[in-house]
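I opened a fresh page for this one and went through it strand by strand. Here are my notes, in the order I looked things up.

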Amino acid sequence: MLAALFFLGAAAIHAAPVRTVTATIIKISDGDTVQVVTPEGTKLKVRLYGIDAPETEKGKIPGEPFGNDAKNYLASMVSQRAVRIEIRDIDRYRRMVAVLWLGERNVNQEMITAGMAEAYGEYLKQPYRGPFLQAEQEAKTQGKGIWSQGSSYERPSQFRRRMGI
């Protein structure tokens, strides 16, 4: 199944989802990564498309401010719940890169709206680019979550680079 998704993913990433599946969230790894199980019993790692949440502690590497908050916020929304997974890509770690839908709620966008993740502008494509960037701007303006740090905020991508992750 992964090989087929990888092949399809290489073909038409940006135009439309590769595939949509329903699954149950079984683990929250951090604020932008979950593990799911499909009705057939297939376990998948899913990276939330278009967002980047603060890093959580990993071994001897400390987490970022709001890392655990983002993980807990995501868990409060989707843990043990059935979601629709709109697979958009497969990343270099062989994770499905997807938009999670809880009914009509876009979980990825809600993470941004709550200030628990930033829009990952470098990778965002339509139809999500505009709404995600707008949600980020509103969260910044309101000083929500990660944006409450003001000028001391460090992007997760910068943190990973600095820490050698």
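**Entry 1: the first hairpin.** I started where strand 1 and strand 2 form a hairpin, with two residues between them. The two strands run antiparallel and share five bridges. I picked out one rung to look at: Ile28 has Val34 in strand 2 as its bridge partner. A reminder to myself before going on: this is a predicted model.

**Entry 2: the whole chain.** I then stepped back to count elements, and found five helices and eight strands in the protein chain. Read along the sequence, their order is α-β-β-β-β-α-β-β-β-α-β-α-α. The chain has 165 residues, and 45% of them count as buried. I also looked up how far contacts reach: among those between residues at least 6 apart in sequence, 61% join residues at least 24 apart.

**Entry 3: following the strand pairings.** Which strand pairs with strand 1 over six bridges? I found strand 5 there, in the antiparallel sense. On that side Ala23 has Val83 of strand 5 as its bridge partner.

Going the other way from strand 2, I came to strand 3, which runs antiparallel to strand 2 and is joined to it by five bridges. Here Thr33 has Arg47 in strand 3 as its bridge partner. The hairpin of strand 2 and strand 3 has five residues between the strands, and in it Gly41 takes a positive phi near 95°.

Next I asked in which sense strand 3 and strand 6 pair. They are parallel, over three bridges. Val46 stands opposite Met96 of strand 6.

**Entry 4: the nonpolar core.** Nonpolar side chains tend to be buried together in soluble globular proteins, so I went looking for the core here. The largest nonpolar core has 38 residues, and the members that touch the most others are Val34, Val46, Leu74, Val78, Ile85 and Leu100. Elements giving it two or more residues include strand 1, strand 2, strand 3, helix 2 (67-78) and helix 4 (129-142). Which element gives the largest share of this core? My note says strand 6, with seven residues.

I took Val78 for a closer look. Leaving aside neighbours within four places in sequence, Val78 is in contact with Ile25, Ile28, Val83, Leu102 and Val107.

**Entry 5: a charged residue in strand 5.** Glu86 is found in strand 5. Buried or exposed, I wondered of Glu86? Its relative accessible area is 11%, and the cut-off for buried is under 20%, so Glu86 counts as buried. I also checked Glu86 against Arg19: the two are 67 residues apart in sequence, while their C-alpha atoms are 6.2 Å apart in space.

**Entry 6: the largest pocket.** Last, I turned to empty space. The largest pocket holds about 810 Å³. It is lined by 28 residues, and the closest to its centre are Arg47, Asp91, Tyr93, Arg95 and Tyr120. Two or more lining residues come from each of strand 3 (43-48), strand 4 (51-52), strand 5 (82-90) and helix 5 (156-163). Helix 5 gives the largest share, three residues. How does the lining divide by residue type, I asked, into how many nonpolar, polar and charged? I wrote down nine nonpolar, four polar and 15 charged.

**Entry 7: a cross-reference.** Arg47 turned up twice in these notes: as the bridge partner of Thr33, and among the residues closest to the centre of the largest pocket.

Note on methods: Residues numbered from 1 in each chain as written. Predicted model: local features only at pLDDT ≥ 70, side-chain atom pairs only at ≥ 80, totals over all residues. Heavy atoms only, no water. 1 Å grid on protein atoms, 1.4 Å probe; cavity = no way out; pocket = protein on both sides within 12 Å on 5 of 7 lines; lining within 4 Å. Points joined across faces, edges and corners; volume = space filled by probe spheres on them. Helix = DSSP H or I, 4+ residues; strand = E, 2+ residues; numbered from the N terminus. Nonpolar A, V, L, I, M, F, W, Y, C, P; charged D, E, K, R; others polar. Core = buried A, V, L, I, M, F, W, Y, C linked by side-chain atoms within 4.5 Å. Buried < 20%, exposed > 50% of the residue type's maximum accessible area, 1.4 Å probe, protein only. Contact = heavy atoms within 4.5 Å. Pairing = 2+ DSSP bridges.
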